[in-house]
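Biologist: Please take a close look at one part of this model, its interior, and show a first-year student how the neighbouring parts relate to it.

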Amino acid sequence: MTSYLLHPPSHLPPATALQHSQQAPGILENSAGSLSPSLIQSLLGAPETAELWTTYENLLLSCLRTGDDQAAHQCLGRLVNRFGDKHERIQALIGLVKEAEAPDRGTLEAILEEYDQTLRETPTNISIAKRRVGLLKSMNRIPDAILALTGLLDFCPTDAESWAELSDLYFSQGLYAQAIFALEEVVVLQPNAWNIHARLGELLYIAGKSGAQGTSPKQLNESLKRFSRSIELCDDYLRGYYGLKLVTTLLLQQPPNTKSSSSEADDLAPPTVATIQKLDAKATEKLAEIARRSSAQEPGWQGYDADEVAAVKELLAASSSTGEK
């Protein structure tokens with residue numbers, strides 16, 4: 001729990017957020033300076049530590065998610081008292097609290113106008129610019145959110161988080177080529193992020209199998225490479241192996257491509273059928289191991305999402321049934 005409050009993951013599980021918000025009264029009370037046997041609360045008793053303010057911010061986010069507005073305001077108040085309401089990050093948190101409490105769309109439009117006014121006064125306020133994108137997305141104004149993000153990236157082209165969000169927005173609109181391009185920018189900025197390689201593999205797989213002119217072998221082959229890179233970087237990454245199994249299954253169902261042209265002298269030749277079969281067997285073996293050992297709650301195999309493990313079992317069952325026929 002301590003590590004989550006100090007360094008939360010990008011997508012905090014709902015159950016963990018609820019646990020955090022339930023701790024809020026005790027944490028807020030003990031952070032005033034009294035000592036406590038709790039490790040978290042003892043830590044919070046130390047004034048002016050970076051961990052203290054990080055914990056307040058993360059606690060605020062968890063409280064907003066669970067509807068504890070009173071505790072969220074207490075956290076926000078302490079942050080404002082320390083850093084002032086002109087601090088860019090604090091301004092974004094103030095806006096986020098307003099958004100969470102907004103009773104109707106009209107109020108959200110008014111908050112959006114406040115963001116616009118702030119950006120007119122301070123165009124370089126990245127925190128508010130991102131909050132504005134988030135608000136546009138929540139209001140289902142996706143084209144406006146895309147336009148806002150592209151403007152932000154013109155100003156700050158090395159922001160991997162914004163490129164990833166832009167990719168998701170493009171994907172939600174069925175703009176696969178643009179979504180792939182945006183995520184490729186994330187790979188350039190974070191070349192060792194196995195989850196990003198796998199996500200790029202997913203986009204290429206979806207685009208490759210749903211083209212207007214049928215499947216695209218080139219995109220499927222590139223998807224295969226991305227999934228392979230993902231599991232090379234993280235040997236136990238379920239989504240990487242799951243995607244690899246999907247794409248190898250589809251490639252093995254395609255008729256062999258005997259055509260070749262000088263115009264397709266790409267970086268690397270497409271993988272051979274034998275290579276695809278080996279990768280398919282590797283993915284099948286690893287997914288079966290993950291499903292078996294995770295379900296048995298073996299030490300070191302307990303961090304997988306239950307729904308993802310269930311999906312793995314369904315995929316393996318379907319693959320086995322198809323193979324028997």
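Modeller: A residue is called buried under 20% relative accessible area, exposed over 50%, and partly exposed in between (1.4 Å probe, protein chains only). The model is predicted, so local features need pLDDT of at least 70 and side-chain atom pairs count only at pLDDT 80 or more, whereas totals for chains, interfaces and linings use all residues. Residues are numbered from 1 along each chain as its sequence is written, and side-chain values use heavy atoms, with hydrogens and water left out.

The largest nonpolar core (a set of buried Ala, Val, Leu, Ile, Met, Phe, Trp, Tyr and Cys residues joined through side-chain atoms within 4.5 Å) has 35 residues. Within this core, L135 and L166 have the most contacts. At least two of its residues come from each of the helices α7 (105-121), α8 (126-138), α9 (142-155), α10 (160-172), α11 (176-189) and α12 (194-209); helices here are DSSP runs (H or I, at least four residues), numbered from the N terminus. Helix α9 supplies the largest share of the core, seven residues. Leaving out residues up to four places away in sequence, L166 touches I146, L149, T150, L153 and A182, where contact means heavy atoms within 4.5 Å. Apart from this core lies another, of 25 residues, which includes L238, L244, L287 and W301.

L238 and L244 also belong to the contact surface of helix α14, and L287 to that of helix α15. Helix α14 (residues 238-253) and helix α15 (residues 273-295) pack with their axes 8 Å apart, at an angle of about 140°. Axes are lines fitted to C-alpha atoms, for helices over the stretch in contact, and angles run from 0 to 180 degrees between N-to-C directions. Among the residues of α14 that meet α15 are Y241, Y242 and L251; on the side of α15, V273, I276, L279 and I290 are included.

A second helix pair lies earlier in the sequence. The axes of α2 (residues 14-30) and α4 (residues 50-66) come within 8 Å and cross at roughly 115°. Here residues including A17, L18, I27 and L28 in α2 meet residues including Y56, L59 and C63 in α4.

Single residues add detail to this picture. S223, in helix α13 (residues 217-233), counts as buried because its relative accessibility is 0%. Residues up to four places away in sequence aside, S223 touches G201, L204, Y205 and V247. F83 is found in helix α5 (residues 69-83) and is partly exposed, because its relative accessible area is 34%. Beyond its neighbours within four places in sequence, F83 is in contact with W53 and I90. F83 and W53 are 30 residues apart along the chain, and their C-alpha atoms are separated by 9.9 Å.

Finally, two loop residues deserve attention for their backbone. Most residues other than glycine have a negative phi. N140, which is not a glycine, has a positive phi of about 65°. N140 is placed in the loop between α8 and α9, and it is exposed because its relative accessible area is 61%. Q297, likewise a residue other than glycine, has a positive phi near 55°. Its place is in the loop between α15 and α16 (306-324).
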